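Me: I would like to learn how to read the features of a protein model. Could we go through one step by step?

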Amino acid sequence: KGFDLIAHPSLRLRAAGMSTRGDAVCEEADQPVTGELGEPVDVDVAYNALGRKFKEEPAKLALNLSRDGAQKAFFVARGHLCTFPDLEPDRVFRVETVKPWSAYMELVTVNGEAHNYTAQDLRCGGIARVRIALPLMEECAMAAMHLQKAKPKAGLKLSTLIDVINLELARVESPPAGELPVWLDQSELFTTIFSELREDWLVKCSSQPTPLERTMAVVVSPVKRRGIEGSSSMIIDELLERLWEASPQLAGPPLSDEAMLRRWLEASPHFDVTGDVIRVVGLDCEDAPLNGAPEPPPSVLVPAVEARQRRSEPEVLLPPQNTQRLPNKVDPPSPIPDRTAAPPL
């Protein structure tokens, strides 16, 4: 089950004994991917010590990176999530600022709680494990969702989703009728509901940029030091090499070859591809929307049923009201009765 990696041109060449570009970083791509969701792609960014603690912001901290960590930081973007596996693996941070040229990185806890780390805790250095891509099965499925111009509000049929993945990105076996693929059942990115009317599962996903989209954006258009000009575009071949350099895991679909990468980029709303040149569109790594942003409390959310009722009610337009206050007027005095007149008989 899962991807048939040998179906891709770069891997067919390897199977025939021919070397291809990136063989040094693609040994893991030769391993077949099963029907399981698979592992996300992480990079370990080494740090030397706590760079700064923010007294007014107890959820925030800064790290002084090592030389190797500063090089890995070129693949880290604002909005990426990370953990400290040697300290508290379950405490999740979000990257706020990355400055590879200064070997500096700022993080904030996703839940907004104080981290309570001290300079003593981080004095010996360590690693911050940064997620630069979802499991590649999810990244492929997300690209397939982007390829659909018509996006039904109820969700995309599972059979359609699998057909698009097979046609454009990789080869995935269809599950038995009425069953979910193992990888989709394990995914936290996608939500599914079975439709009796359509006799198929309907699949929906978040509209947030994926970690891989953020990674590609920061590689194509790196964050720059103030006053320093840099490139804001890249050719596809160079991007593929850079991604394979970041992690051997990225050598599989949807990044197995240039044609597949091009299709993935064309599907994403965050990139423009002209010829072989890639530019980032609407995803500035310094201003990008953040994953894991806190949701408003339930008390301020409108229930879904009530929201649908509001949308279905016709809008009633009232005539404009004149709110201007009229000047005060003095009523004329009432007539004074004649008390000298004789009472009526």
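Reply: This is a predicted model. Take a bridge between two strands as the starting point: A49 has N64 in β2 as its bridge partner.

Me: How many bridges join strand β1 to strand β2, and do they run parallel or antiparallel?
Reply: Strand β1 covers residues 41-53 and strand β2 residues 60-65; 5 bridges join them, and the two run antiparallel.

Me: Which strands make up the closed barrel, and in what order?
Reply: Follow the pairing from strand to strand. The barrel has 6 strands in the order β1-β2-β5-β4-β3-β6, with antiparallel pairing. From one strand to the next, the twist averages 45 degrees.

Me: What is the order of the strands in the open sheet?
Reply: An open sheet has edges, so look for those. Here 3 strands follow the order β7-β9-β8, again with antiparallel pairing. The edges are β7 (156-157) and β8 (190-195); each has a single partner strand, so one side of each lacks a neighbour in the sheet. Between β8 and strand β9 (residues 200-205) there are 6 bridges. In one of these strands, β9, K204 is the bridge partner of T191.

Me: How do I read the side chains along a strand, and which of them in β11 are buried?
Reply: Check which face each side chain points to, then whether it is covered. In strand β11 (residues 271-274) the side chains alternate: F271 and V273 point to one face and are buried, whereas D272 and T274 point to the other and are not. Strand β12 (residues 277-280) runs antiparallel to β11, joined to it by 4 bridges. F271 has V280 in β12 as its bridge partner.

Me: Which residue in the hairpin of β11 and β12 takes a positive phi?
Reply: G275 does, with a phi near 65 degrees; the hairpin has 2 residues between its strands.

Me: Now helices. At what angle do helix α3 and helix α8 pack?
Reply: Compare the two axes, then find the residues in contact. Helix α3 (residues 136-147) and helix α8 (residues 258-267) pack at about 55 degrees, and their axes are 8 Å apart. An angle from 35 to 65 degrees counts as oblique, and α3 and α8 are therefore oblique to each other. The crossing of α3 past α8 is left-handed. On the α3 side, E139, A143, H146 and L147 meet R263, W264 and A267 of α8.

Me: Is Q148 buried or exposed?
Reply: Compare the relative accessible area with the cut-off: buried means under 20%. Q148 has 18% and is buried. Its place is in the loop between α3 and β7. Leaving aside residues up to four places away in sequence, Q148 touches L156, T160 and V164.

Me: How many residues of helix α6 are buried?
Reply: For a helix, count covered residues along its length. Helix α6 (residues 211-220) is mostly covered, with 10 of its 10 residues buried. Among them are the charged-letter entries E213 and R214, as well as P211, M216 and V220.

Me: What do the totals for the protein come to, in helices and strands?
Reply: There are 9 helices and 12 strands. Of the 345 residues, 41% are buried. The protein exposes about 20600 Å², and carbon and sulfur atoms supply 52% of that area. Taking contacts between residues at least 6 apart in sequence, 65% join residues at least 24 apart.

How values were computed: Residues numbered from 1 in each chain as written. Predicted model: local features only at pLDDT ≥ 70, side-chain atom pairs only at ≥ 80, totals over all residues. Heavy atoms only, no water. Buried < 20%, exposed > 50% of the residue type's maximum accessible area, 1.4 Å probe, protein only. Pairing = 2+ DSSP bridges. Contact = heavy atoms within 4.5 Å. Areas by Shrake-Rupley, 256 points an atom, 1.4 Å probe, with all protein chains shown as cover. Axes fitted to C-alpha atoms, helices over the stretch in contact; angles between N-to-C directions. Parallel < 35°, antiparallel > 145°, perpendicular 65-115°, else oblique. Left-handed = near helix turned anticlockwise from the far one by under 90°.
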